[in-house]
Amino acid sequence: MLSNASMLPLGALMIGLAGPIVALVYERGAFDHQAASLVASLLIAYGVGMPAYLARDVLVRVFYALGDANTPFRWSVGGIGLNALFDWLLVGGPTPWTGLLLPKLYFGAPGLVLATALVNILTGAGLLLVLHRRLGGLPLGTWGTDTGKLLVASVVGGGAAWLLATRVSWPAGLLGLLLQNGLCAALAVGVYGSLGSWAGVPEVRELLRGLRPRRG
C-alpha cells in the first residue's frame, strides 16, 4: 500500500504535467516543440504504468524474502510472452502482408510503454493472488478500497495541476517553466495529501509525516 500511496500521485503528476516537465528538461536547441510533444506522450504512458511496475517489483522481492525465486521467475517468463503480444496489438497489429490489422489500436511508440504497463498489472495481480493463498489470506478488500481512494485523490490532484498549468499565462523561458512545474506540482501534492488524509488512508498520513520538517 505504501508503494501505491507514493506512486499513484507521482504517476498522475507525470500525466498532468508531461508537457511542462519535458519542456523544462529537454526542450533545448534542436529538441523543438514537436520532439517535446512526442516525449511527453511517452511520459504519460510511463505515468500510467509506474504504480503497477513498483508494486510488481515489491511483490517479487517478497517472494525472494520467502526463499521462493521460482514463482516470480515463472510469472516473468509468462510476462515476456504477453509483452510481445501486447506490443504487437498496441502498435496496430502489423503484418508483412496487409499492414495494420488493428489500426484503431495504433498508439505508436507510447503503445510499447502501455504494453509493458499491462504486463506489470497482470503479473502483479497474479503474484498478489499467489501470495494471498500462500500466507493464508491478505486484507485484499481493505487494500482495494484504499487504493481506490488513492486513485481518486491522485486523479483530482493531477487534474488540478493540469488546469493550473494550462489556464495560467506563465512567463516565457526557464524561469517560467520552473515556476509552472514547481507551483503545479505543489498544488497536486497538497490536493492529494488533503484528500488522502480526509479519506482516512493511513499510508498518506505516514507520507505526510515524513515530509514535515523535523525539529531538533
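What share of the 216 residues in the protein is made up of buried residues? Buried residues make up 37% of them, where buried means under 20% relative accessible area, exposed means over 50%, and partly exposed is in between, with a 1.4 Å probe and protein chains only. Before I go on, please keep in mind that this is a predicted model, in which local features need pLDDT of at least 70 and side-chain atom pairs count only at pLDDT 80 or more, while totals for chains, interfaces and linings use all residues. Residues are numbered from 1 along each chain as its sequence is written, and side-chain values use heavy atoms, with hydrogens and water left out.

Let me start with the overall layout. The secondary structure comes to 8 helices and 2 strands, and along the sequence these follow the pattern α-α-α-α-β-β-α-α-α-α; helices here are DSSP runs of H or I with at least four residues, strands are runs of E with at least two, and both are numbered from the N terminus. The C-alpha trace spans about 65 × 55 × 30 Å along its principal axes.

Now to helix α5, which covers residues 109-134. This helix has 26 residues and reaches 38 Å from its first C-alpha to its last, close to the 38 Å expected at 1.5 Å a residue, the expected span being 1.5 Å times one less than the number of residues. Just after α5, G136 takes a positive phi of about 75°. Within α5 we find V113, which counts as buried because its relative accessibility is 10%. The C-alpha atoms of V113 and T147, 34 residues apart along the chain, are separated by 23 Å.

T147 brings me to the largest pocket, which holds about 660 Å³ of space. Of the 25 residues that line this pocket, the closest to its centre are N4, A55, L59, L128 and T147. The elements that give two or more residues to the lining are α1 (2-16), α3 (33-65), α5 and α6 (140-167), and α3 gives the most, with 8 residues. As for the terms, a pocket is found on a 1 Å grid over the protein atoms alone, as an open set of points where a 1.4 Å probe fits, with protein on both sides within 12 Å along at least five of seven lines, and lining residues have an atom within 4 Å of a point. Grid points are joined across faces, edges and corners, and the volume is the space filled by probe spheres set on the points.

How many salt bridges are there? The count comes to 2, taking a salt bridge as a side-chain nitrogen of Lys or Arg within 4 Å of a carboxyl oxygen of Asp or Glu. One of them joins R61 to D57, with the closest N and O atoms 2.7 Å apart. These two residues are 4 residues apart in helix α3, so they are separated by about one helical turn. An α-helix has 3.6 residues a turn, so residues three or four places apart point the same way. R61 itself is partly exposed, at 49% relative accessibility.

The salt bridge between D68 and R134 has its closest N and O atoms 2.5 Å apart. D68 lies in the loop between α3 and α4 and R134 in helix α5, so this pair ties together parts that are 66 residues apart in sequence. D68 is buried, with a relative accessible area of 12%, whereas R134 counts as partly exposed at 43%.

Turning to the surface, L82, L85, W88, L101, L102, L105, F107 and L122 make a nonpolar patch of about 650 Å². Such patches are made of residues with over 30% relative accessible area and no salt bridge, with nonpolar side chains (Val, Leu, Ile, Met, Phe, Trp, Tyr) joined within 5 Å and like charges within 9 Å, and the areas come from the Shrake-Rupley method with a 1.4 Å probe, only the protein chains shown counting as cover for residues. Helix α4 (residues 70-90) gives the largest share of the patch, 3 residues. W88 has its place in α4 and is partly exposed, at 34% relative accessibility. R74 is also found in helix α4, and at 54% relative accessibility R74 counts as exposed.

I will end with L43, which lies in helix α3 and is buried, with a relative accessible area of 17%. The C-alpha atoms of L43 and G11, 32 residues apart along the chain, are separated by 9.2 Å.
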